[in-house]
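Student: I should like to learn how to read the features of a protein model, beginning with a strand and proceeding to its surroundings. May we go through one together?

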Amino acid sequence: LQSVPAVEKWAVPMRREPPKYTQPQWCFNSDPIYQAFKRGEVPLVCFKNVLSKVLLESLRSDATALRSAGFGATAGIAQAADGISDEVRRNVHQVWLQSPGQRPQEAFCGDIDARKKLLSFVSELRLDLAALPKYESLVPGGIELSYLLYEPGSFYKRHIDSPKVRDREGNVMVDKRAVSMILYLGDAHENRDWDISIDGGALRIYGNENVKCRQAQEKGEGRLQLDDYLDIVPERGTMVLFESEQVAHEVRPTERDRICVAGWFRHRSC
Ligand SMILES: O=C(O)CCC(=O)C(=O)O
Ligand SMILES: [Fe+2]
């Protein structure tokens, strides 16, 4: 196993002791790192204990119920940045709940009530982000929301959610995804802690010239080595927000069922 650098080395602005969050209303505004994220000073923020355990479990079983009912697909070949590579980049089952121009999926199975609560949580989060100039262009209709279901052996190779793709004339075409959101729902063994050295499945965040760590800045180094990384444990109730254009990341192969909500907030299309 590759050794995992200490979190301190990277000093990503990760909250260590976030407030306990039990209500489905957005209430992180006293959090200084969330504030810094909204001002664009840090590219990533990570919260623990988001939403109640009951709701997280309901969402997890909703995801598995929708999958069993035949919703979604296992996507293997995601579009590569060069638009031509057909390398298998992920083997993950994705169930879309909402995507631009489409109504939220109105399946009559699973846990409709939990899904509604998730949608309202995400809408509140969008409203809160959009209150700041940096994110005022995030539109309600631009919310993409899905469940991702990984099985033992599933992975998602290193990528950027909103890569700058060039068209035939060489013009940069900017994808409109601005903020990525991942909320971990855990698996059926809710009392077994997730140990990435045994269970795998870490969300590995890579450094790059845009994703500077504070420590490096303080030391005057200013940037990370390309292969510096931080592993985030996909524990139930952990939520990560990051800038879709800035943060390269991957999901290490998992040994355990690994279920999460993956969402994106998009700019208004111009
Ligand atoms: O499953 C995760 O932790 C991340 C998923 C992801 O990177 C994506 O869907 O783009
Ligand atoms: Fe991603």
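Tutor: Let us begin with strand E4, residues 138-150, which is mostly covered, since 10 of its 13 residues are buried. Please keep in mind that this is a predicted model.

Student: Which strands are joined to E4, and how do they run?

Tutor: Strand E3 (residues 92-98) is joined to E4 by five bridges, and the two run antiparallel. Nine bridges join E4 to E13, again in an antiparallel arrangement. One residue of E4 illustrates both pairings: Tyr-147 is the bridge partner of Val-95, and in E13 the bridge partner of Tyr-147 is Val-261.

Student: How should one read the side chains along a strand?

Tutor: In a regular strand, side chains alternate between the two faces of the sheet. As for Tyr-147, this residue belongs to the largest nonpolar core, which has 57 residues. Tyr-147, Leu-183, Leu-185 and Val-240 touch the most other members of that core.

Student: Which residues does Val-240 touch, leaving aside those up to four places away in sequence?

Tutor: They are Leu-44, Cys-46, Ile-182, Leu-203 and Ile-232. On the scale of the whole protein, among contacts between residues at least 6 apart in sequence, 78% join residues at least 24 apart. Of the 270 residues, 37% count as buried, and the secondary structure comprises six helices and 13 strands.

Student: What residues are found around ligand 1?

Tutor: The residues around ligand 1 are Leu-148, Tyr-156, Asp-161, Ile-182, Leu-203, His-249, Val-251, Cys-260 and Ala-262. By class, this shell divides into seven nonpolar residues, one polar and one charged. Strands E12 (249-251) and E13 (258-267) each supply at least two residues of the shell. Ile-182 and Leu-203 are in the shell, and Val-240 touches both of these residues.

Student: Let us turn to backbone angles. Where does Asn-49 lie, and what is the value of its phi?

Tutor: Asn-49 lies in the loop between strand E1 (44-47) and helix H3 (53-68). Its phi is near 55°, a positive value in a residue other than glycine. Leu-51 lies in the loop between E1 and H3 and has a positive phi of about 65°, although Leu-51 is not a glycine.

Student: Why does Asn-49 count as partly exposed, and why does Leu-51 count as buried?

Tutor: One counts C-beta neighbours inside 10 Å, and a residue is buried at 20 or more. Asn-49 has 18 such neighbours and therefore counts as partly exposed. Leu-51 has 23 and so counts as buried.

Conventions:
Residues are numbered from 1 along each chain as its sequence is written. Chains are lettered from A and ligands numbered from 1 in the order in which they are written. This is a predicted model: local features need pLDDT of at least 70, side-chain atom pairs count only at pLDDT 80 or more; totals for chains, interfaces and linings use all residues. Helices (H or I, at least four residues) and strands (E, at least two) are DSSP runs, numbered from the N terminus. A residue is buried if 20 or more other C-beta atoms lie within 10 Å of its own, exposed if 12 or fewer, and partly exposed in between; C-beta atoms are placed from the backbone. Two residues are in contact if their C-beta atoms, placed from the backbone, lie within 7 Å. A nonpolar core is a set of buried Ala, Val, Leu, Ile, Met, Phe, Trp, Tyr and Cys residues joined through C-beta atoms within 7 Å. A residue is near a molecule or strand if its C-beta atom, placed from the backbone, lies within 6 Å of it. Ala, Val, Leu, Ile, Met, Phe, Trp, Tyr, Cys and Pro count as nonpolar, Asp, Glu, Lys and Arg as charged, and the others, Gly among them, as polar. Two strands pair if DSSP finds at least two bridges between them.
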